[in-house]
Amino acid sequence: VKPETELLCNIRENVPHWLKGDPHRIQQVILNLLGNAAKFTEKGTIELSIECINCDENDAMLEIAISDTGIGIPPEMQQRIYDAFNQGDGSTTRKYGGTGLGLTISKRIVQLMDSDLLLESTVGVGSKFFFLVTLPLGTDQELKTKINQSYEDQGDDQQPSALPGRTVRVLIADDDDVNLKLTIKLLTKAGYDTDTAHNGQEAIEKLQQQNYDVVLMDMQMPVMDGLEATRMIRKLEIDIPIIALTANAFESDRKNCINAGMNDYLSKPLKRDKVINCVNKWIAVAHI
């Protein structure tokens, strides 16, 4: 992404937490489209948005869209861009590079998911590529089984403590019980002592009452979200490392975390080694 371009992520609240599908293929399409948008957008914004269009007890239909404020595509060129080795304008190949294969591959993958890759574009204003995909709903039990297996595969050897001579105390603020249980399991296997809060307000109250070494703070919670809670914690002059937990790994999310007073952030799903290394790093910094 160019310096004058901001990358945004907008996952609507109506999108179900757990869905079953092929994450690698969907990710490939999203990355192809984001890469294409970045190539043709000199300044402005590129936005990934995901919205649930329809949902019943078995399936959810999602609209996945990538919008940009780039150069746009003329109407007469909009069908040709899906042809292999083709760009919207032959002259753009020299300026922007690339073969145009990304869109061809993306369209084929989407078609294999019984959908189609669609386009809305205006020259000089920008473009929006989007597609609909229907995915079966997952259950908490299926998620627990899958992630528990993943954690077991990572091993359960305890890590050296960042504070020799005593146990590290971690406060986990997250409103999702499944995420809480999995994070607790990950940390306790590594030898940490854990406590929990289900929203930002509860996290603040616990920090005022007890001593912790680090906070893992979910970004989106009821009552008070992670960003607001962090701002309040800093106003109260509680000096403790706060690490954001977020499903969004975009630069704009990282900036929001840092601007609110957080020290770092971890992307979900959490990886054991990354969590432990991040926690130990900030505890060490806090006790220099």
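**Figure 1. Serine 106 in helix α3.** This view of the predicted model starts with serine 106, a residue of helix α3. Serine 106 counts as buried because its relative accessibility is 0%, where under 20% is the cut-off. Setting aside neighbours within four places in sequence, you will find serine 106 in contact with Val29, Asn32 and Leu117.

**Figure 2. Aspartate 114 in the loop between α3 and β4.** Follow the chain out of α3 and you reach the loop that leads to β4, where aspartate 114 lies. Its phi is near 60°, a positive value in a residue other than glycine. For context, most residues other than glycine have a negative phi. Aspartate 114 has a relative accessibility of 76% and so counts as exposed, the cut-off being over 50%.

**Figure 3. Serine 121 and its polar contacts.** Serine 121 is found in strand β4, which covers residues 118-122. With 16% relative accessibility, serine 121 counts as buried. Two polar partners are worth a look here. The side chain of serine 121 is joined to that of serine 127 by a polar contact of 2.7 Å, and the side chain of serine 121 also reaches the backbone oxygen of glycine 126 at 3.3 Å. Leaving out residues up to four places away in sequence, serine 121 touches Gly72, Ile73, Gln78, Gly126 and Ser127. Aspartate 68 is 53 residues from serine 121 in sequence, yet their C-alpha atoms are 9.4 Å apart in space.

**Figure 4. Lysine 128 over the ring of phenylalanine 130.** In this close-up, the charged end of lysine 128 sits over the ring of phenylalanine 130, at 4.9 Å from the ring centre. As for aromatic pairs, the structure holds 0 of them.

**Figure 5. The largest nonpolar core, with leucine 62.** This core has 31 residues, and the members that touch the most others are Leu48, Leu62, Ile64 and Phe129. At least two residues of this core come from each of β1 (5-11), α1 (23-39), β2 (44-55), β3 (59-68), α3 (101-112) and β5 (126-136). Helix α1 gives the most, with 7 residues. Apart from this core lies another, of 22 residues, including Ala173, Val215, Met221 and Ile238. Now look at leucine 62 itself: beyond residues up to four places away in sequence, leucine 62 touches Val15, Pro16, Leu19, Ile50, Glu51, Cys52, Ile53, Phe131, Leu132, Val133 and Leu135. In soluble globular proteins, nonpolar side chains tend to be buried together.

**Figure 6. Valine 223 in the loop between β8 and α7.** Valine 223 has its place in the loop between β8 (214-218) and α7 (226-235). Here is a phi near 70°, again a positive value in a residue other than glycine. Valine 223 counts as exposed, with 69% relative accessibility.

**Figure 7. Threonine 246 in strand β9.** Strand β9 spans residues 242-246 and includes threonine 246. Threonine 246 has a relative accessible area of 4% and is therefore buried. Among residues farther than four places away in sequence, threonine 246 touches Met219, Tyr265, Leu266, Ser267 and Lys268.

**Figure 8. The setting of the close-ups.** To place these views, the protein has 9 helices and 10 strands. Of its 288 residues, 44% count as buried. Its exposed area is about 15,300 Å², of which carbon and sulfur atoms supply 49%. Among contacts between residues at least 6 apart in sequence, 67% join residues at least 24 apart.

Key
Residues numbered from 1 in each chain as written. Predicted model: local features only at pLDDT ≥ 70, side-chain atom pairs only at ≥ 80, totals over all residues. Heavy atoms only, no water. Helix = DSSP H or I, 4+ residues; strand = E, 2+ residues; numbered from the N terminus. Buried < 20%, exposed > 50% of the residue type's maximum accessible area, 1.4 Å probe, protein only. Contact = heavy atoms within 4.5 Å. Polar contact = N/O pair within 3.5 Å; in protein donor to acceptor, adjacent residues only side chain to side chain. Core = buried A, V, L, I, M, F, W, Y, C linked by side-chain atoms within 4.5 Å. Areas by Shrake-Rupley, 256 points an atom, 1.4 Å probe, with all protein chains shown as cover. Phe/Tyr/Trp six-rings, centres within 6.5 Å; stacked < 30°, edge-to-face > 60°. Lys NZ or Arg CZ within 6 Å of the ring centre and 35° of its normal.
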